[in-house]
Amino acid sequence: MSSAVVDVQGPLRKMPVEPGPPVHYRMKVGETLVPLNDLIGRDIQIDFDGEIRCIHCDRLTKKSFNQGFCYPCFRKLAACDSCIVSPEKCHYHEGTCREPEWGETHCMVPHIVYLANSSGLKVGITRKSQVPTRWIDQGAVAAIPMLEVTTRQLSGLVEVVCKEYVADRTNWRAMLKGDVPALDLVEERARMLEKIEASLDDLRDTHGQDAIRPVSDEALDLAYPVEVWPARIKTHNLDKTPSVGGRLEGIKGQYLILDSGVINIRKFTAYSVRLQVFDETPQTSDLFSN
């Protein structure tokens with residue numbers, strides 16, 4: 001293996017993304033942002049030095065909770081409450097939110113209920129401001145807004161209704177194989193809205209007629225920078241194998257696809273690593289920025 005043309009150290013963060021085509025990825029290591037699309041085809045090495053620091057309080061922790069938090073922060077922060085996973089259980093209106101100000105900015109704001117094709121049809125929710133980032137992070141090849149609602153709790157209540165007819169999770173292994181069948185999401189949206197019409201009327205009666213409104217936006221197709229799709233999914237785990245290396249063959253969702261296996265970068269948020277990229281390039285100074 002030749003000398004490193006990129007060599008940076010620091011804690012990992014979720015990869016920032018920009019819509020393409022294809023989707024553009026950067027890898028955040030400490031304060032350094034490394035553009036990844038230009039590195040596909042090169043050999044990379046990720047070495048975990050054993051240190052994990054909470055992304056909220058910077059406390060040294062032996063284990064990461066909820067993708068980057070120490071246990072005390074996991075127990076006290078609103079971002080780690082159970083209602084984040086199950087938004088229909090939001091208790092802000094009961095006055096028991098762990099952090100009311102955080103709830104106001106993250107939960108008491110417009111949300112989108114959407115349909116996506118990631119490993120097949122699924123329903124999901126996200127803050128309106130997170131479209132299309134949420135879809136990209138899930139590795140969706142296409143997604144379409146279905147409803148705009150006034151709060152996170154209401155988006156969760158609508159999602160619960162939709163889950164009677166469609167999955168709410170992505171089969172990440174199928175997503176990474178790149179053979180997701182195409183779907184007509186406009187037709188799927190119309191079909192779903194017809195199925196849940198009576199339930200939506202009930203929710204409007206409780207939360208207000210303007211609290212739920214249909215969205216007529218077209219579907220967004222998404223393409224990812226992948227040269228080679230893995231035939232068999234092997235996962236890398238920095239807790240078990242602190243050194244991971246291989247040829248970068250693609251990126252999808254929050255996964256790096258290497259010829260040696262795949263690694264979910266978001267899973268290892270707050271892990272202190274050294275990232276090296278090997279092979280010669282004519283303009284190494286343009287590969288990363290602070």
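This passage describes strands, a helix, aromatic pairs and two spaces in a predicted model.

The main sheet comes first. Six strands form an open sheet, in the order β1-β14-β5-β11-β12-β13. The pairing in this sheet is antiparallel. Two strands, β1 (4–11) and β13, stand at the edges. Each of these has a single partner strand, so one side of each is left without a neighbour in the sheet. From one strand to the next, the twist averages 35°.

Part of this sheet can be followed strand by strand. Strand β11 covers residues 243–252 and pairs with β12 in the antiparallel sense. Four bridges hold this pairing on the model. Within it, L248 stands opposite L258 of β12. The two strands form a hairpin, with two residues between them. G253 lies in the turn and has a positive phi of about 60°.

Strand β12 spans residues 255–258. In a regular strand the side chains alternate between the two faces of the sheet. In β12, Y255 and I257 point one way, whereas L256 and L258 point the other way. What is the state of these four residues, buried or exposed? All are buried. Both faces of β12 therefore carry buried side chains, under 20% relative accessible area.

The next strand is β13, residues 261–264. Its pairing with β12 is antiparallel and runs over four bridges. Y255 stands opposite N264 in β13. I257 stands opposite V262 in β13. Again the strands form a hairpin, and two residues lie between β12 and β13.

A second set of strands lies earlier in the chain. Strand β2 (residues 17–18) pairs with β3 in the antiparallel sense over two bridges. E18 stands opposite H24 in β3. Five residues make up the hairpin connection from β2 to β3. Strand β3 also pairs with β4 (residues 32–35), in the antiparallel sense over four bridges. There, M27 has V34 of β4 as its bridge partner. The hairpin of β3 and β4 has two residues between the strands. In its turn, G30 has a positive phi of about 65°.

The side chains of β3 (residues 24–29) alternate along the strand. Y25, M27 and V29 point to one face and are buried. H24, R26 and K28 point to the other face and are not buried. In β12, by contrast, residues pointing either way are buried.

Attention now turns to a helix. Helix α5 is formed by residues 152–162. How many of its 11 residues are buried? Nine are, so the helix is largely enclosed by the rest of the structure. The buried residues include R152, Q153, L154, S155 and G156. V158, E159, V161 and C162 are buried too.

Aromatic rings also come together. The structure holds seven aromatic pairs. Ring pairs link F48, F268 and Y271 into a cluster.

Two kinds of space were examined, cavities and pockets. The count gives one cavity of 30 Å³ or more. About 60 Å³ of space lies in the largest cavity. Its lining consists of A78, C83, I84, C90, H91, Y92, C97, W102, G103 and C107. Two elements, α2 (82–85) and α3 (100–106), give two or more residues to this lining. By class, the lining has eight nonpolar and two polar residues. No charged residue takes part in the lining of the largest cavity.

The largest pocket has a volume of about 2,100 Å³. It is lined by 50 residues. Which of these are the closest to its centre? They are N66, Q67, I84, R134 and R266. I84 also lines the largest cavity.

Several elements contribute to the pocket lining. At least two residues each come from α2, α3, β7 (121–127), α4 (133–137), α5, α6 (172–177) and β13. The largest share, six residues, comes from β7. The edge strand β13 and the largely enclosed helix α5 are thus among the contributors to the lining of the largest pocket. By class, this lining divides into 18 nonpolar, 17 polar and 15 charged residues. Charged residues are therefore present in the lining of the largest pocket, whereas the lining of the largest cavity has none.

Note on methods
Residues are numbered from 1 along each chain as its sequence is written. This is a predicted model: local features need pLDDT of at least 70, side-chain atom pairs count only at pLDDT 80 or more; totals for chains, interfaces and linings use all residues. Side-chain values use heavy atoms; hydrogens and water are left out. Buried means under 20% relative accessible area, exposed over 50%, partly exposed in between (1.4 Å probe, protein chains only). Two strands pair if DSSP finds at least two bridges between them. Axes are lines fitted to C-alpha atoms, for helices over the stretch in contact, and angles run from 0 to 180 degrees between N-to-C directions. Rings of Phe, Tyr and Trp (its six-membered ring) pair if their centres lie within 6.5 Å; planes under 30 degrees apart count as stacked, over 60 as edge-to-face and the rest as tilted. On a 1 Å grid over the protein atoms alone, a cavity is a set of points where a 1.4 Å probe fits but cannot get out, and a pocket is an open set with protein on both sides within 12 Å along at least five of seven lines; lining residues have an atom within 4 Å of a point. Grid points are joined across faces, edges and corners, and a volume is the space filled by probe spheres set on the points.
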